[in-house]
Every structure is written in structure tokens, then in C-alpha cells.
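Open the structure in your viewer and set it to a cartoon view. The tour below goes from the whole chain to a single residue.

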Amino acid sequence: MPLTPDSELELLFSAELISQEVKDTLHKDLHIRPLASTDYRRGHLSVLAELTVVTDPGEAAWVDQFNAQKAAPDTYYTLVVLERATDRIVGVGCVFVERKFLRGLGKVGHIEDIAVDKTVQGKKIGLRIIDALTRISEDVGCYKTILNCSDKNIGFYQKCGYEKKENEMARYAVAPTPSATPRL
């Protein structure tokens with residue numbers, strides 16, 4: 001199945017926010033665009049599974065999440081990279097914008113969920129995604145763009161122009177234990 005034209009898709013945000021320079025430097029067999037409402041069927045979750053454990057919520061719930069993000073304009077910018085020949089997603093990434101009370105009511109871009117299908121790694125897809133997301137963050141007025149990564153990925157992000165800064169802390173919510181079914 002060949003690439004579906006952007007004009008036939010419901011996109012998360014305007015494709016015009018993606019730098020032409022990034023598009024021009026992407027391998028000719030690939031296409032970069034915003035996430036589309038039909039990307040569940042193009043393998044969005046399977047590419048994210050390269051990054052971490054992904055629970056498939058089903059297409060209807062995935063579309064609900066897409067619509068929730070789209071309903072928060074100027075906040076979520078998820079990109080996908082597709083193979084032109086197959087219309088299959090091979091790379092993903094997101095920047096979301098946090099509105100601050102600091103820095104004159106400034107904005108911070110948070111890059112998240114960068115993943116590239118193992119079968120196409122080495123084609124600089126991750127580099128292009130980071131470049132596109134960083135440019136979007138700056139173009140929408142963020143005074144800085146930040147991301148978290150594992151120690152093994154520090155070198156990659158330094159090649160993308162990022163520097164190691166401070167530390168990350170995390171606290172994960174404990175999953176609730178199922179309670180016994182009440183007797184009626």
C-alpha cells in the first residue's frame with residue numbers, strides 16, 4: 001500500500017510546522033508528518049514498543065486519545081516517519097508544550113517517546129525526528145526544550161545538540177490491587 005497523502009488525513013497539527021529542511025534531509029524512501037487519526041493501523045504502537053512495554057488499548061481508545069490531544073491545540077506535537085512504499089510507521093516522537101508562570105509566562109518543550117523501528121535504525125531517522133521536534137518547540141515560542149534519556153543514549157542526544165543538565169527523578173504510581181467482588 002503506497003503512502004497516503006497528508007491531504008487525505010486528519011492530522012494532529014498542521015504539517016507546515018515541520019521544517020522543510022528536515023523534510024529535505026530525510027531519506028527519499030521516507031516521509032515525515034504529524035500523527036494522523038488512522039495511524040493506529042499503520043503501526044504506531046508497535047514502533048513505541050521499541051521503547052518500552054506498550055499495552056494495546058484497541059483502536060477506539062487509541063482514537064479517543066488522539067482526539068483528546070487534538071482538543072488541546074498548541075500543546076501536543078507528535079510526529080511519525082513512514083516508509084513511502086508501505087505506508088508503515090517506522091519512527092515516532094513527540095514534543096508537548098508546558099505553559100509556565102516563570103520566565104515571563106514562558107513555555108517549555110518536553111520531548112518524549114522517541115522510537116525507531118529496529119529494521120530501519122542507522123538511517124538517521126531519530127536524528128531527523130529530534131531536529132524536527134526541537135524546531136517545532138522553538139517555532140512555537142518555547143524558551144527551552146528538554147528531554148530525559150537513559151545513560152546509553154546520552155551520546156546520541158549530544159550529537160543532536162543537547163547537553164547533560166541536572167538529574168531526573170521519578171515516582172511511579174503503584175498499581176491498585178484488585179479488590180474482592182462484593183457480595184450482593
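The stops below say what to select and what is found there; the model is a predicted one.

**Stop 1: the whole chain**

Select the protein chain and colour it by secondary structure. Six helices and five strands should appear. Followed along the sequence, these elements come in the pattern α-β-α-α-β-β-α-β-α-β-α. With a radius of gyration of 18 Å, close to the 16 Å that the globule rule gives for 184 residues, the protein chain is as compact as a globular protein of that length. Its C-alpha atoms fill a box of roughly 65 × 45 × 35 Å along the principal axes.

Now switch on the surface. The accessible surface of the protein chain is about 11800 Å², and carbon and sulfur atoms hold 52% of that area. Of the 184 residues, 40% count as buried. Among contacts with a separation of 6 or more, 63% are between residues 24 or more positions apart.

**Stop 2: the sheet**

Hide the surface and select the strands. In what order do the five strands of the open sheet lie? The order is β1-β2-β3-β4-β5, and the pairing is mixed. Select 30–34 for β1 and 142–147 for β5: these strands stand at the edges with a single partner strand each, so one side of each has no neighbour in the sheet. On average, neighbouring strands of this sheet are turned by 20° against each other, direction ignored.

**Stop 3: one strand pair**

Select residues 76–83, which form β2, together with residues 88–99, which form β3. These two strands pair in the antiparallel sense over eight bridges. To see one bridge, pick Val81 and look across to β3, where its partner is Gly91.

**Stop 4: the nonpolar core**

Show side chains next. In soluble globular proteins, nonpolar side chains tend to be buried together. Here the largest nonpolar core has 40 residues, and those with the most contacts inside it are Ile32, Leu79, Val81, Ile125 and Ile136. Elements that give two or more residues to this core include α2 (44–48), α3 (59–70), β4 (107–116) and α5 (125–139). The largest share, six residues, comes from α5.

**Stop 5: Ile32**

Finish by centring on Ile32, one of the core residues with the most contacts. Which residues does Ile32 touch, leaving out those up to four places away in sequence? They are Ile18, Val22, Lys23, Leu26, Leu79, Val80, Val81 and Ala132. Leu79 and Val81 are also named among the core residues with the most contacts.

Terms used
Residues are numbered from 1 along each chain as its sequence is written. This is a predicted model: local features need pLDDT of at least 70, side-chain atom pairs count only at pLDDT 80 or more; totals for chains, interfaces and linings use all residues. Side-chain values use heavy atoms; hydrogens and water are left out. Two strands pair if DSSP finds at least two bridges between them. Helices (H or I, at least four residues) and strands (E, at least two) are DSSP runs, numbered from the N terminus. Axes are lines fitted to C-alpha atoms, for helices over the stretch in contact, and angles run from 0 to 180 degrees between N-to-C directions. The radius of gyration is taken over C-alpha atoms; the globule rule is 2.2 Å times the number of residues to the power 0.38. Buried means under 20% relative accessible area, exposed over 50%, partly exposed in between (1.4 Å probe, protein chains only). Contact means heavy atoms within 4.5 Å. Accessible areas come from the Shrake-Rupley method with a 1.4 Å probe; for residues, only the protein chains shown count as cover. A nonpolar core is a set of buried Ala, Val, Leu, Ile, Met, Phe, Trp, Tyr and Cys residues joined through side-chain atoms within 4.5 Å.
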